[in-house]
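Reader: I should like to understand how a ligand and a sheet are arranged in a protein. May we go through the structure together?

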Amino acid sequence: KLVDQKDMKDVGADWKKGEPVPYAGLCKTFEAIESTTKRLEIQEYLTSFFKHTIELSPGNLLETLYLCLNRVCPEYENVELGIGESLLIKAIAEVTGRTTQKVKNELAKVGDLGKVARDSKNSQKSISSMFGNRDKLLTVPKVFNSMKKIASLTGHSSQDLKIKEIQNLLISCRDEEPKFLTRSLEGKLRIGLAEQTVLICLAQAFVMTDKEYEKLAKAKKTEELNNAIKTIKSVYSELPSYDKIVPALLKGGIKNLREHCKLTPGIPLKPMLAHPTKSITDVLDSVEGHKFTCEFKYDGERGQIHRLEDGTTKIFSRNLEDNTVKYPDIIERISKAAKTNTKSYVLDCEVVAWDLEKHILLPFQVLSTRKRKDVKEAEIKVSVCLFAFDLLYLNGESLLKKSLEERRKLMNDSFQEIEDEFSFVQNINATNIEEIQSYLDESIKANCEGLMVKILDGLESTYEPSKRSRNWLKLKKDYLSGVGDSLDLVVVGAFYGRGKRTNVYGAFLLACYDPEHEEYQTICKIGTGFSDSDLETHFNYLKEKETSEPKSYFNYDKGTKPDVWFEPCQVWEVKAADLSISPIYKAAIGQISEASKGVSLRFPRFIRIREDKKPEDATTSEQVAELFQNQYNNKE
Ligand code: ATP
């Protein structure tokens with residue numbers, strides 16, 4: 001059953017044209033989405049809600065969309081909503097007249113603070129909650145604006161102000177609203193709504209609200225919908241900003257979207273990612289029939305450099321964080337590297353620590369000691385050299401759809417190398433195993449991680465933003481006989497140490513991320529690879545992140561319960577001997593042949609903290625399943 005206008009009335013939100021979108025209606029839609037796992041049903045619910053919004057309150061579409069995604073601004077602005085659990089417990093307790101202890105007890109029982117908030121709120125019989133007051137009905141813009149305010153509050157008295165704002169919202173909440181509001185504030189909606197689905201629904205809603213659509217034959221309707229979905233996904237990967245896309249959609253519909261929304265210097269796009277491989281023969285199998293190139297895989301930090309028409313230069317991290325203040329030296333030198341005709345551009349590079357005297361690459365560990373904020377050029381201790389490997393935009397034109405061969409030529413023509421400062425990545429066009437092997441050895445000798453093998457020509461060699469593409473393969477020397485790649489995992493819990501480790505955590509529980517179910521799935525316990533100072537650093541950082549209960553979005557087995565739980569806050573790079581099926585770990589559950597079992601890591605070893613990844617950028621359960629499967633295939 002679709003959420004239609006009748007349903008809106010059911011929840012007491014009589015939504016009339018021109019009125020703000022009722023939050024109750026959105027929550028009703030969330031509730032419907034949460035109640036099913038069927039993708040098509042989920043799409044029907046959300047598309048229907050977007051259609052209503054476009055027809056009745058188009059001015060609120062952007063806020064509605066952001067609430068579905070649990071964001072308050074474009075992702076690249078890196079504003080986190082995640083309000084700490086203790087703050088929320090305090091707000092819920094005060095609004096519902098309970099003690100914080102009672103709320104905590106409920107949370108221990110129910111495991112979901114959203115449900116606790118809902119139940120506490122609904123059992124409270126106040127006059128206004130019984131009869132409701134139309135003026136007090138929560139609207140989508142009201143909730144969105146409050147969330148935006150809460151996320152932006154910083155500084156000394158911000159805690160009190162945040163609590164006040166949260167209380168104001170909670171007071172006006174009814175029915176299912178407290179549940180979703182609390183979850184949104186916690187930073188996870190947990191209804192199984194992935195961003196790709198939101199995009200699909202947005203495209204469908206725009207097609208369906210077009211008057212001509214109803215007149216089309218069935219096959220034509222399907223074609224229109226599919227084209228629209230393709231358009232919106234490709235536009236979003238180039239310009240990941242709903243602030244730009246939604247107004248353009250409202251103005252010109254989906255057909256004119258591409259014209260108005262293109263890759264724009266200043267707005268970072270999600271980088272293209274590479275697929276792991278385990279042998280040179282694997283690589284050759286994948287690239288068969290294509291022209292390909294082998295590039296050194298430098299061990300540094302990704303830098304996406306944007307030069308705007310007005311002369312401003314910005315550098316973004318892998319995570320789309322603005323790193324401009326971290327690298328004033330790069331900003332300074334890139335103007336010299338760009339030739340006179342090179343006006344605006346987006347250049348994909350690796351920033352690597354560099355020994356100025358010996359003219360050699362230094363390992364990542366050296367780069368990680370570089371200061372991040374308030375960097376003054378004269379005080380820089382770690383010098384870096386920039387290695388450019390791709391050009392995505394040049395002088396007003398997006399190059400994403402051009403082949404790598406063409407992009408590389410344009411890059412070489414538009415920039416010049418500067419000794420010790422700016423260079424193109426080293427590469428050869430190898431053709432056979434021996435050549436690749438010896439180039440791999442050469443890359444390792446030069447302090448690189450291995451090679452990146454990329455298809456050079458044809459449709460397979462376009463730049464695919466945000467995709468882990470099979471047209472880019474990573475070949476790392478030390479994984480050739482192991483798992484194929486290291487994993488980036490989230491610390492979700494810890495075990496107290498014994499013996500020498502009594503004052504710190506001695507071991508940790510790690511998890512991968514499943515974006516589809518919005519949950520962290522446990523994958524292993526780790527106690528190896530830590531120096532004493534690592535353990536101390538982890539303890540000092542993580543003790544602040546302890547929570548009284550595991551998050552409702554942790555998938556774990558009682559048998560692996562740690563002594564303390566954490567908010568998901570940090571990503572660690574971990575190596576392992578191999579992956580095995582596990583009855584107690586939950587990684588990739590349902591995605592491998594034994595559907596009720598998960599995957600775990602054998603002999604995991606800590607390598608380093610991944611500062612450039614957020615918990616949601618951790619290795620996904622799908623990747624774990626794939627690594628597991630590859631290992632299995634190789635053993636066959
Ligand atoms: P993920 O694939 O999840 O990003 P990761 O961040 O650990 O994993 P890898 O997959 O190991 O990175 O390698 C891809 C990264 O390698 C790129 O994001 C880039 O920072 C770096 N890199 C170094 N040299 C190159 C190159 N020649 N071409 C592309 N990327 C390169």
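Author: Helices (H or I, at least four residues) and strands (E, at least two) are DSSP runs, numbered from the N terminus. This is a predicted model, in which local features need pLDDT of at least 70 and side-chain atom pairs count only at pLDDT 80 or more, while totals for chains, interfaces and linings use all residues. Residues are numbered from 1 along each chain as its sequence is written, and side-chain values use heavy atoms, with hydrogens and water left out.

Reader: Which strand supplies the largest share of the shell around the ligand?

Author: The ligand is surrounded by 19 residues (a residue is near if one of its heavy atoms lies within 4 Å). At least two shell residues come from each of S2 (292-297), S11 (450-455) and S12 (468-476). The largest share, four residues, belongs to S12.

Reader: How far from an oxygen atom of the ligand does a polar side-chain atom of Arg610 lie?

Author: Arg610 is among the closest residues to the ligand, together with Arg318, Glu350, Arg468 and Lys474. A polar contact is a pair of N or O atoms within 3.5 Å. For Arg610, the distance to a ligand oxygen atom is 2.7 Å.

Reader: Why is one side of S1 and of S10 left without a neighbour in the sheet?

Author: Five strands form an open, mixed sheet in the order S1-S12-S11-S2-S10 (two strands pair if DSSP finds at least two bridges between them). S1 (273-276) and S10 (427-428) stand at the edges, so one side of each lacks a neighbour because each has a single partner strand.

Reader: At what angle to S11 does helix H20 run?

Author: Helix H20 (residues 433-445) lies across S2, S10, S11 and S12. Axes are lines fitted to C-alpha atoms, for helices over the stretch in contact (heavy atoms within 4.5 Å), and angles run from 0 to 180 degrees between N-to-C directions. Relative to S11, H20 runs at about 130°.

Terms used: A polar contact is a pair of N or O atoms within 3.5 Å; within protein, one must be able to donate a hydrogen and the other to accept it, and residues adjacent in sequence count only if both atoms are side-chain atoms.
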